[in-house]
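Biologist: Please take one helix pair and look at it closely. Then set it against the strand pairing and the domains.

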Amino acid sequence: MILILSDRRDDAVALVLPKLERRGARVTWWDPGEFPARSRLTAAFADGGHRIVLDTGAERLDLAEVRAVWRRRPNAPCPAETVTDPSHRRHAVWQAEFLLDGAWELAPARWLPSRREAERRAHNKIIHMARAAALGFRVPETVYTNDPAELVPAYERAGGGLIAKQINSDEFTLDGADHRAYTTVLNRRHLTSRHRVQHEPVILQPYVPKAVELRVIVVGERVFAAEIDTRASRTARDDWRHYDDDRVRYAAHDLPDGLERACVELTASLGLTYGAIDLILTPDGEYTFLEINPNGAWGFVEQRAGLPVSDAIADWLVAADRTAGDTADHTAGNAADHTADGKTDHE
Amino acid sequence: MSDFGTALESGVRLLRGLPRRRAHVAEARRAAAAWAADHPGLHAQLVVDERPGTPVVDFDLLLSDPEGGTVALTAQADDGVPWLIDHSTHWAAGQLVTVDEVHLSVAQALTMIRSLSRRDTTPHDEIVDQCLILNEIAGDDGPIPGEELQAAADDFRRGRGLHDRASTLAWLAEMGMTPAQFEEYIGGIARRRSFRRRKEAELGPARLAARPGDFDRVRAVWITGPERAVAAGAATLAAVHGEGTAALAELDGEAETVIAERFAADLPEPLCEAAPGAVAGPVAHGGSFLAGVVLDRTAAREDERTLAAAGRVAFTEWLAERRSRAAVEWHWS
């Protein structure tokens, strides 16, 4: 049994689901956001054992039968609308999260990309940048800081070509309107408000000149690299998340073998079975690491660059489902794709 | 402290108090002008730095240094706004309109305008319609058949008089498009046309069955023009049905005359359901007056041409209904 944890409107799941069905897999798609309001979860201990049953409202699922879990974009638990007191709602969410975390921990399944805690850890830019540097990736000279005194030296070290990024993306408003903190290329004006840096840490990096940007999708041992050529777009040149698709070119990209291997190693070393790695290929042919997103988007890699990521995800889940699950040791569960000889059961 | 030092201190206080929002720049300029009037020897000028994509502005105050040269002052209070947030961008910066899930950038809109072709609507409405179609084909990523691409490219080039490779390349250079971007652009047009064709084929038969009278083939004569000329011509039109179109020679030259066979739905509205021989009008119509008479009406039949016409009408109605449900947000500021 394969369990997909994600929002019901998730387009990525909609892409993979028919492929799982074609492979004859038994699949349940459930959003933890429906718990506890519309779903029931019971963990019962007796006779030295336990049984955990999830009743989604549409079906009852014994978690012992779940062999593969795709944790995509699940919503946080949500109480029923009839629970109106804010403190009661917070309390209900807190209890629900604890029970869910425990249930997932005990489910003898393999996870894509990982359980929540491992994903949260891997998502931390400092942690994964340190891991990437240790694995030999070329990493830009980077400062994470909230010390205003660091700003001018970083600007000068970068020869005036400095960018600022946020450490973690989050929503905020300015004058009541939603704003975004894209990758910002600094000019001298930015330095004049250096005191503001003290209020929250930022990432400072030299601007890395690019031939193309790359999004590398790792699924188990399989690697798909898409190049994103933003040079023709004034809008998306410094941050492709501005999505100027008429002027941005996407294409499949052949990574050097060693780098492809390093991408798999980096992903596995963070306890992940999936990762979306962002790299820059400089005009002089050097690959520079920017970051890894443990649950980063891959739809455009498939649609715009023609790379079969949804098939790879379906293959991974089906292979995991057909392999006997391990016990509650989630570290082993996720590392099972990377055995000593580097082979996997779904290569 | 010297007079200049005191003025600098005062200038910093001025800058710290200015409202850092685009909407309040005039207020800031008035405050700076008053300050300049109080310090006539410094020739103070306020420089307003309006950042793109955000309501936040920055200020500099330029002063004449008594020892010669210029001093530029800039100052920001600690208002507790973190640095990245102060330098953030409005989510819709650089975008023209959002229609449901489609965000159309200004650059995309300018590109889209090159392919707008309808005369019965404004570019404003046609852009929304195109975005509605983009919503529908968002998940459509299959290959586009070569003949559809070729047809879209041929129509586009023909419409702009680009009859050979040299003129096409010259046009691309003028527009700042590479051949690869042009191919992508034509691919988008082909995809939208393909969707429209599919939708018309899907909706046409039901539309024809629902109101077949809309697709009767109707031969009619109608005149348009000033009220006096059309009123005078109405009697002549009554004769046309029995005596033939020769009677039209008696019409006032100020009225414009059309003799045509159309689907009923494509006729001027007063004639759509008129019976043969009955004169419709004069009535106000499209900024002037209209009178007309149906000469002959043949009941709709389910042939290829009629189904195509029903498909076009059905698509227009589908689009109007889709538009009425859409969330449209223009980002003018």
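Modeller: The helix pair comes first, then the strands, then the domains.

This is a predicted model: local features need pLDDT of at least 70, side-chain atom pairs count only at pLDDT 80 or more, and totals for chains, interfaces and linings use all residues. Residues are numbered from 1 along each chain as its sequence is written, while chains are lettered from A and ligands numbered from 1 in the order in which they are written.

Two packed helices are described by the angle between their axes and the distance between the axes. Helix H1 (residues 11-22) and helix H9 (residues 309-322) of chain A have axes that come within 9 Å and cross at roughly 50°. Helices (H or I, at least four residues) and strands (E, at least two) are DSSP runs, numbered from the N terminus. Axes are lines fitted to C-alpha atoms, for helices over the stretch in contact, with angles from 0 to 180 degrees between N-to-C directions. H1(A) is therefore oblique to H9(A); under 35 degrees counts as roughly parallel, over 145 as roughly antiparallel, 65 to 115 as roughly perpendicular and the rest as oblique. The crossing is right-handed, meaning that the near helix is turned clockwise from the far one by less than a right angle.

H1(A) contributes Leu15(A), Val16(A), Lys19(A) and Leu20(A) to the contact. From H9(A) come Ser310(A), Asp311(A), Ile313(A), Ala314(A), Leu317(A) and Val318(A). Contact requires C-beta atoms, placed from the backbone, within 7 Å. By class, seven residues are nonpolar, one is polar and two are charged. Ala, Val, Leu, Ile, Met, Phe, Trp, Tyr, Cys and Pro count as nonpolar, Asp, Glu, Lys and Arg as charged, and the others, Gly among them, as polar.

Now chain B. Strands E2 (residues 57-64) and E3 (residues 70-73) run antiparallel, joined by four bridges; pairing takes at least two bridges found by DSSP. Leu63(B) has Val71(B) as its bridge partner. Five residues lie between these strands, and Gly68(B) in this hairpin takes a positive phi near 105°.

An open, antiparallel sheet of chain B has four strands in the order E8-E7-E10-E9. E8 (256-263) and E9 (279-285) are its edge strands. Neighbouring strands are turned by 25° against each other on average, direction ignored. Eight bridges link E7(B) (residues 217-225) to E8(B).

Last, the domains, with bounds from an automatic or database assignment. Chain A has domain 1 (2-107), domain 2 (141-206) and domain 3 (212-335).

Note on methods:
Contact = placed C-beta atoms within 7 Å.
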